[in-house]
Amino acid sequence: MDRDYFQEALHTFNGGNWYGWKTHDDSGNKIPNKDRMQYKYIKIIKEGATMPSEADVNAKIQELKDAETAATNKKTSGKQKLKDLGLDDDEIQALIGV
C-alpha cells in the first residue's frame with residue numbers, strides 16, 4: 001500500500017484530526033470522491049485549528065519522504081557493515097528480521 005504523505009503531513013498540524021474534505025466546490029458543484037483530497041478542498045472541522053499554508057504542507061511532505069529515505073539508507077548501510085564483518089544474509093536476517 002502506498003503511503004499517503006499528504007494526509008500524514010496534514011495530521012502533523014493542529015494536533016491531528018482537524019480537517020475534513022469539502023464535498024462541493026465554491027460554485028456548488030459536487031466534487032467527485034477521487035478528486036477531493038487536494039489542498040484546495042480541505043475544510044477545518046476542529047475549533048481553533050488554523051489552515052497551514054500549502055508551502056508548509058509541501059515542506060512537511062518532503063520532510064517525511066526524506067526521513068523515510070534516510071531510514072532506508074541506514075538499514076542498507078547497516079546490512080552492508082554486517083556483511084563486511086563476515087555475516088551472511090541468513091545470519092543478518094536472523095538478527096534484524098529483514
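This section describes the helix packing, nonpolar core, salt bridges and loop backbone of a predicted model.

Helix H3 covers residues 54–84. At 1.5 Å a residue, a span of 45 Å is expected for the 31 residues of H3, and the C-alpha atoms at its ends lie 45 Å apart, in agreement with that value. Val57, Ile61 and Leu64 of H3 are buried. An α-helix has 3.6 residues a turn, so residues three or four places apart point the same way. The buried residues of H3 pack against H1, the helix formed by residues 5–11. After H3 comes Gly86, which has a positive phi near 105°.

The largest nonpolar core contains 13 residues, and Phe6, Leu10, Trp18, Ile42 and Val57 are those with the most contacts inside it. At least two residues of this core come from each of H1, strand E1 (19–21) and H3. H1 provides the largest share, with 4 residues. In general, nonpolar side chains of soluble globular proteins tend to be buried together. With residues up to four places away in sequence left out, Phe6 touches Trp21, Met37, Gln38, Tyr39, Ile42, Val57 and Ile61. Two of the residues in this list, Val57 and Ile61, are among the buried residues of H3.

Gln7 is located in H1. Its side chain is joined to that of Tyr19 by a polar contact of 2.9 Å. Under the exclusion of residues up to four places away in sequence, Gln7 touches Trp21 and Met37 as well as Tyr19. Trp21 and Met37 also appear among the contacts of Phe6.

The model holds 6 salt bridges. Among them is the pair Arg3 and Glu8, whose side chains meet at 2.9 Å, N to O. The side chain of Arg3 also meets that of Glu68 in a salt bridge, at 3.2 Å, N to O. This second pair links distant parts of the chain, 65 residues apart: Arg3 is in the segment before H1, and Glu68 is in H3. Arg3, Glu8 and Glu68 are thus linked in a network of salt bridges. Arg3 is partly exposed because its relative accessibility is 36%. Glu8, with a relative accessible area of 29%, is partly exposed, and Glu68 is partly exposed at 30%.

A further salt bridge is formed by the side chains of Asp89 and Lys83, at 3.0 Å, N to O. Asp89 has a relative accessible area of 49% and is therefore classed as partly exposed, the limit for an exposed residue being over 50%. Lys83 counts as partly exposed at 39% relative accessibility.

The remaining features concern backbone angles in the loop between H1 and E1. Most residues other than glycine have a negative phi. Asn14, which is not a glycine, has a positive phi of about 55°, and it lies in the loop between H1 and E1. Asn17 is found in the loop between H1 and E1, and its phi is positive, about 45°, although it is not a glycine. As for accessibility, Asn14 is partly exposed, with a relative accessible area of 26%, whereas Asn17 counts as exposed at 60% relative accessibility.

How values were computed: Residues are numbered from 1 along each chain as its sequence is written. This is a predicted model: local features need pLDDT of at least 70, side-chain atom pairs count only at pLDDT 80 or more; totals for chains, interfaces and linings use all residues. Side-chain values use heavy atoms; hydrogens and water are left out. A salt bridge is a side-chain nitrogen of Lys or Arg within 4 Å of a carboxyl oxygen of Asp or Glu. Buried means under 20% relative accessible area, exposed over 50%, partly exposed in between (1.4 Å probe, protein chains only). The expected span of a helix is 1.5 Å times one less than its number of residues. Contact means heavy atoms within 4.5 Å. A polar contact is a pair of N or O atoms within 3.5 Å; within protein, one must be able to donate a hydrogen and the other to accept it, and residues adjacent in sequence count only if both atoms are side-chain atoms. A nonpolar core is a set of buried Ala, Val, Leu, Ile, Met, Phe, Trp, Tyr and Cys residues joined through side-chain atoms within 4.5 Å.
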